[in-house]
Amino acid sequence: MSFDFDATVVGAGAVGLACGRALSKRGLTVLVLEKEGHIGQGVSSRNSEVIHGGLYYPTASLKARFCVEGRRALYDFLATHKIDHWKCGKLVVATEEAEVERIEAIFEQATANGVEGLAHLTGAQARALEPELKAHAAILSPESGLFDSHSYMLALQGEIEDAGGSVVVSAPFEGAKPLAGGGFTIRVGGEGAMAVSSRLLVTAPGLSAQAVAAAIEGYPAEDIPAGHFGKGVYFRLVGKAPFDRLIYPPPIPGALGTHYRKDLGGQAVFGPDLAYVESEDYSINPAKAEEFAGYIRRFWPGLPDGALTPDYAGIRPKLHGPGEPQPDFQLHGVERHGIEGLMALFGIESPGLTSSLAIGEAVAAALTEAA
């Protein structure tokens, strides 16, 4: 049977584009559908742009594997494509004796995950690197960094298009029907509403993952995990950035917690926190500045009064609610849902951006080897 495309990807964020690139590299004709007017307008545009080392995630989990593999591939990609990035390193800080055991556990987990170059630091050694830091002890992760995520996504789009594929914006996915002989008919909305046929289908739409899966005929409802919106807000510092390296206190339940970064423009940004919300609400309550200030002064006592200003908010596609354990990435192939040629992604939050190239390769390998 002849198809319009070998593979269709739903979602033109970092992960969707990385999946499209990996499929394109295998010689497939690829269509990427994006409901927004530009690529990367969802989860991928509202994050910290941090390149994670791979410290925190359970041994042999997809998060651990994809973060380490993806981070190594990402630095190579950024250098090759001349995309702005900075391997600034990260300090995971115990601000008091009671937190030392927690950061020691992170060191052991990171070592098990194959993270390179880790070092234990005393408080004095940490302050020698970052004089304004309050630290009883710290872990140095030299592989952590920052990058220009939008330029990265544009480069992924360029590779897909150079290979003969198409990235189409303002083109919402409205549903798909598996065909008897394999492949899919896919309904696309928007001004140019149409139907296309595709041999393979990947869904990577971030916050819409559950709704998109439910719009595929025959997708078993019991295989769609419950989704939750985890909102995080960021505040920007008015004034000179106090640290060069990323500064992370020990994680909070369900997330890595409010951290510090000096962005590629040289400004200091703090966040995100975590609050569960029912809808895509990106507003910021300025009164939260006081709460942030109290948290930040645990590791930066020198934060001036009134120096924080609201910056932006993001929402993470979480698979766990408040108080529940944080699950792994979920990549559902035919063995889960029973539909040949379909890979559905759920819960691709942090470290999804760092992991994107590795996720793309895993998705493409699973679909093409199965084919």
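Q: Which residue is the bridge partner of Lys177 in strand 11?
A: Lys177 has Thr185 of strand 11 as its bridge partner. The model is predicted: local features need pLDDT of at least 70, side-chain atom pairs count only at pLDDT 80 or more, and totals for chains, interfaces and linings use all residues. Residues are numbered from 1 along each chain as its sequence is written, and side-chain values use heavy atoms, with hydrogens and water left out.

Q: How do you know that strand 10 and strand 11 pair?
A: Two strands pair if DSSP finds at least two bridges between them. Strand 10 (residues 173–178) and strand 11 (residues 184–188) are joined by 5 bridges and run antiparallel, so the condition is met. Strands are DSSP runs of E (at least two residues) and helices are runs of H or I (at least four), numbered from the N terminus. The two strands form a hairpin with 5 residues between them, and Gly182 in the turn has a positive phi of about 105°.

Q: What is the order of the open sheet of 3 strands?
A: The order is 3-8-4, with antiparallel pairing. Strand 3 (50–51) and strand 4 (85–86) stand at the edges because each has a single partner strand, so one side of each lacks a neighbour in the sheet. Strand 3 pairs with strand 8 (residues 145–147) over 2 bridges, and Ile51 has Gly145 as its bridge partner in strand 8.

Q: Why are helix 2 and helix 5 called roughly perpendicular?
A: The axes of helix 2 (residues 62–80) and helix 5 (residues 149–162) come within 11 Å and cross at roughly 80°. Angles of 65 to 115 degrees count as roughly perpendicular (under 35 roughly parallel, over 145 roughly antiparallel, the rest oblique), so the term applies to this pair. In contact (heavy atoms within 4.5 Å), Leu74, Phe77 and Leu78 in helix 2 meet Tyr152, Ala155, Leu156 and Glu159 in helix 5.

Q: What is notable about phi of Glu49?
A: Phi of Glu49 is near 55°, a positive value in a residue other than glycine. Most residues other than glycine have a negative phi, and most peptide bonds are trans. Glu49 lies in the loop between strand 2 (30–33) and strand 3.

Q: Which peptide bonds are cis?
A: Among them is the bond joining Gly271 and Pro272, with omega about -5°; Pro272 is in the loop between strand 16 (268–271) and strand 17 (275–277). The bond from Ser350 to Pro351 is also cis, with omega near 5°, and Pro351 is found in the loop between strand 20 (342–346) and helix 9 (352–370).

Note on methods
Axes fitted to C-alpha atoms, helices over the stretch in contact; angles between N-to-C directions.
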